[in-house]
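Here is a short tour of some side-chain contacts and backbone details, written to be read with the model open beside you.

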Amino acid sequence: MNMSDNISIVIPFLNEEDNIEELVNYLNENCKQAEFHAEVVFVDDGSTDNSIEVLKKQNFENFDAKIVKLSKNYGSHNAIRAGIQNATNDICTFFSADLQEPFSVITRMYEKIQQGAQVVCAYKENVSIGKIEKLFSNSYSKLIKKYAVKDFPVEGANTLMFNGQAKEILNNNIEKNSSIMLQILDMGFKKEFIPYSLNARKNGKSKWTFSKRIKLFIDSFVNFSYMPIRAVSIIGIIMSVISVLIAIFTIIYKIFVNNQMPMGYPTLLVVVLLGFGITNISLGIVAEYIWRILDSTRNRPAFIVDRVEKIE
């Protein structure tokens, strides 16, 4: 095999000791049959269980392996960035430690890369999820596609494979509080999209909590779209127009229809509460942008690598 036949697979994990042994066995079995030689970069994103100890006891037979241990939990996207930064090969992808993604998706993405694609995006199809989760996912994908990254698939992006050019740009532009998937898809490189079916999670619980979903939603729009700040201006204009129309209507009605019409506290209370509500929402959106500016000026790292170990 030449260098173009080598890929790096980044696997971030957080408290996955119940899955580690099965994960390594699964990788050994599939890498043995693959057309490429794989390096697997396991990234410990601040685990508090015995995941590292369990991982070191495994036998890595058909792939090279290394562990990147972060100093604390930085989130999956930053953990992936740390893994890519420490990956040996130009062609990189990332894979879930919970074994919900089939290994075949890596093989299919690799084939597209070999055919000339610079970025390959895999998205889930035929997924059985709850109505609320599905509503959130569909809304997120449609809004991202319309207002942020035009190439974002409406089905959502779940994993990517990319070449050395994209890898170099990622390593030279590590964005904090951002989506690594959107950053890659927004580079403008030649893309291919493939569907795949998700496997059921066998052990442990998903770390993809509701609060993490909300954070990703906010990070995605604040970092890749002007839509939120533009919405503040639009809402302000609309409310100003409505206020002027109400004022004109009230004056005309009082003069020509009923000059004894009481204005009343309820009307005033509704107007004040509505105005304060919109003002606070607008200030919150502006504050998100200001916070990110402050965070960038501090120049703090998006993640800190405690140590890197090559394991046999």
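## Arginine 307 and its partners

Arginine 307 counts as partly exposed, at 33% relative accessibility. This is a predicted model, so please read every value here as computed from it. One partner of arginine 307 is aspartate 306: their side chains form a salt bridge, 3.4 Å from N to O. Aspartate 306 is partly exposed too, with a relative accessibility of 44%.

Arginine 307 also forms a salt bridge with glutamate 309, and here the closest N and O atoms are 2.5 Å apart. Bridges with shared partners join Lys56, Asp306, Arg307 and Glu309 into one network.

## Lysine 56 joins in

How far apart in sequence are the parts that lysine 56 and glutamate 309 tie together? Their side chains meet in a salt bridge of 3.2 Å, N to O. Lysine 56 belongs to helix α2 (residues 51-56) and glutamate 309 to strand β8 (residues 305-311), so this pair connects parts that are 253 residues apart in sequence.

Is glutamate 309 buried or partly exposed? Its relative accessible area is 22%, and because buried means under 20%, glutamate 309 counts as partly exposed. Lysine 56 is also partly exposed, at 39% relative accessibility. In general, side chains of opposite charge can pair when their charged atoms come close. Across the whole structure there are seven salt bridges.

## Two loop residues with positive phi

Now for the backbone. Most residues other than glycine have a negative phi, which makes the next two residues worth a look on screen. Asparagine 15 is not a glycine, yet has a positive phi of about 55°. You will find asparagine 15 in the loop between β1 (6-13) and α1 (17-33), where it is partly exposed at 29% relative accessibility.

Leucine 99 is the other residue to visit: its phi is near 65°, a positive value in a residue other than glycine. Leucine 99 sits in the loop between β4 (91-94) and α4 (104-114). With a relative accessible area of 11%, leucine 99 is buried, whereas asparagine 15 is partly exposed.

## Aromatic pairs

How many aromatic pairs does the model hold? The count comes to eight. Take tyrosine 140 and phenylalanine 152: their ring centres are 6.1 Å apart and their planes stand at 85°, so the pair is edge-to-face. The cut-off for that label is an angle over 60 degrees.

Tyrosine 140 and phenylalanine 152 link distant parts of the chain, 12 residues apart. Tyrosine 140 is in helix α5 (residues 131-147), while phenylalanine 152 is in the loop between α5 and β6 (159-162). Tyrosine 140 is buried, at 10% relative accessibility, and phenylalanine 152 is buried as well, with a relative accessible area of 4%. Elsewhere among the aromatics, ring pairs link Phe36, Phe95, Phe103 and Tyr110 into a cluster.

Technical notes
Residues numbered from 1 in each chain as written. Predicted model: local features only at pLDDT ≥ 70, side-chain atom pairs only at ≥ 80, totals over all residues. Heavy atoms only, no water. Salt bridge = Lys/Arg side-chain N within 4 Å of Asp/Glu carboxyl O. Helix = DSSP H or I, 4+ residues; strand = E, 2+ residues; numbered from the N terminus. Buried < 20%, exposed > 50% of the residue type's maximum accessible area, 1.4 Å probe, protein only. Phe/Tyr/Trp six-rings, centres within 6.5 Å; stacked < 30°, edge-to-face > 60°.
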